[in-house]
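This report concerns the contact between two protein chains and the nonpolar surface that they expose. Please consult the sequence and the structure shown here while reading.

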Amino acid sequence: MIGVLSYLVFFATMASILAIAVLGLNLQWGNTGLFNGGVAAFFGMGAYVTLILGGLPQPDRLGGFALPYLLALLGGGAGAGLLAWVVGRCTLHLRHDYLAIATFGIAITFENVARNASWLTGGAQGLRGFEKPLQDTFGAGLSYNAGFLAFVLCVLALVYLFLERLVASPFGRLLRGIREDETAARSLGKAPARIRLTAFVTGAVILGLSGGLFATFYGFVSPQDVLPILTFQIWAMLIVGGSGNNLGAIIGTVLVWAAWTLSGWALSRFAPLDMQLYTGSIQYILIGSVIVAMLFWRPQGLFPERLLISRPARSRGTTSGQTGSTDT
Amino acid sequence: MIQSLLDGILVGAIYSLGAIGLTMVMHMLRFANFSHAELLSVGAYCALVFDRLFEGLLPVIANNIGPLSLTWALLLAMLVSMGVTGLTAMAIDRLIFRRVRERGVPQSMVFASFGVALVIRNVIGLIFGLSPTFYSNDIAFAMILSQDPLILVKPDQVFVLIAALICMGILHLVLSRTTFGYALRAVAENPSLAQVNGIRLKAIIAAVWLIGGGLAAAAGVLYGLTNQITPLMGNDLLLPVFAATIAGGIGSVYGAVAGGFLVGIAANLAMLVVPSGYSPSFPFLIILVVLMVRPNGLLGEERT
């Protein structure tokens, strides 16, 4: 019984952490139409910076500043935002292909640097020497993990509420306006490149927070955690859930994460011994197929974006008898 | 220094071949095709299969050509593989990209290609295994071009350069001397106007995939000849090929050739000052520098 409970806590924690990342990607892709091919880099930046800022001092490498935990986590988000700002500054005023290629490039570069710059990142062995916050108060084991789950759920709720407010705000309308018709937005005196950069950096900060929570959960991060497959998983979650719909993104995360863990368990349990080496490949093919199949079958996702009717338009609609117009 | 320059030129030729197909597809269909580099893996493994097949059928042609580790069988297999990979590229377009295209959301193409790349890479891994293989297990000895400074070149590398240049030469003649080449350039310039003049858009798009796939296969075989063949080679080569495409300017075939050599040489020269572990990061730096200095590439034109 305890075993099942611990597993459920583990599953829910991972799903919630990933859901935060999917929400960040949803702001970039779902609401603004920016293709981020390097989710793993921003996630990883958050993870590494959190551990470097919050970890204990180490003799053989820089870092381990032992900052208070929340400060370290925010630092992780800020690090990811900074990375996004650099990439965005170079590419967001150009044709959209460039952002896709540059973000893909940053993911490869990030993993490469994490693997090689051992004076900062611990190299291939990863980053150790991080003590989970409040371990003294909650002790180890299930009680601690349940407490951490509650914390992650709080962060998830905060991010969700923040994004819902953002999407409903004039700024959210502006994002969708730029996504749908950049020229029209420009003609109204808006600066698409700057606004896209704001949305891209904000999304990256959320991705970074998610990475920071992931690193906290394990108390450890290595280049194995920022492999390109992470980018594919988070994309599949968003596409299954429905890009543009925050609640759909969260549900998509739970569905895909459940399918991923279940398929991993089934393969390790039932696949013949000589095929065990290839279970990873089979799971990757499944993720790739999910992405392509969703494009054919239901490109808007299981929970499509709700077309918002702006409040003034709705009230005008009721007073003058119009049926209402969408603002997207 | 000279050795790095030489190595850069040799590997640059492979990037060029990959970038030509990518730049044509990106220009004509207007999306960043993340699955293009997987065609290099498809080509390399396809040639491996035909190479073993030909050697089995006709042991006579299993002899090496001169000082090369390349056999006649492999040369033949490479040509077959170029055709098969071109047809594969066409089939992928027909099965997946065309359907996504006809649904009309342009950005969907990018992540359709993202998913396709992941599927192709892992299917190859499932079929051929995850460990690296080689066309030939012989050790290729390098020729000493000069003693001081020491400059070494493998005969295979010279073959790679020559073969790549031949492929580019043929493409140049086709593009500049034939009606088909004019039609292709017309579509790239203005698709609707070209259609008004009786050019069949679908046929041209199919031809672009055929050519791009064929050249990618050549690049894959040549890379496999001088390095190793792994299911991950497409993944490793994707960023340098993208960098070559951007450096040359999206849509410019000659730019892609120049970009390939530029990326190869720059990455090899950079290794003189930076530890070689960082070499996968160089193409990304090149992309950033190009986008900051000359966003449309060396020979590209501005287009939104």
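The sections below treat the interface, the make-up of one of its sides, and a nonpolar surface patch.

## Extent of the interface

The structure is a predicted model. Chain A contributes 43 residues to the contact and chain B contributes 44 residues. Between chain A and chain B an area of about 4,100 Å² is buried, and carbon and sulfur atoms account for 76% of that area.

As for polar interactions, 6 residue pairs are in polar contact across the interface of chain A and chain B, both residues of each pair being at pLDDT 80 or more. The count of salt bridges between the two chains is 0.

## The side of chain A

Which elements give two or more residues to the side of chain A that touches chain B? They are four helices of chain A: H3 (69-91), H4 (96-116), H11 (228-241) and H13 (279-297). Of the elements on this side, H4(A) gives the most, with 14 residues.

By residue class, the side of chain A that touches chain B comprises 29 nonpolar, 12 polar and 2 charged residues.

## A nonpolar surface patch

Residues of both chains form a nonpolar surface patch of about 460 Å². Chain A is represented by Met275(A), and chain B by Val49(B), Val123(B), Leu126(B), Ile127(B) and Phe128(B).

The element that gives the most to this patch is helix H4 of chain B (residues 108-128), with 4 residues. Val123(B) is located in this helix, H4 of chain B.

Notes
Residues numbered from 1 in each chain as written. Chains lettered and ligands numbered in written order. Predicted model: local features only at pLDDT ≥ 70, side-chain atom pairs only at ≥ 80, totals over all residues. Heavy atoms only, no water. Contact = heavy atoms within 4.5 Å. Buried area = accessible area lost by both parts, 1.4 Å probe. Salt bridge = Lys/Arg side-chain N within 4 Å of Asp/Glu carboxyl O. Polar contact = N/O pair within 3.5 Å; in protein donor to acceptor, adjacent residues only side chain to side chain. Nonpolar A, V, L, I, M, F, W, Y, C, P; charged D, E, K, R; others polar. Patch = residues over 30% accessible without salt bridge, like charges linked within 9 Å, V, L, I, M, F, W, Y side chains within 5 Å. Areas by Shrake-Rupley, 256 points an atom, 1.4 Å probe, with all protein chains shown as cover.
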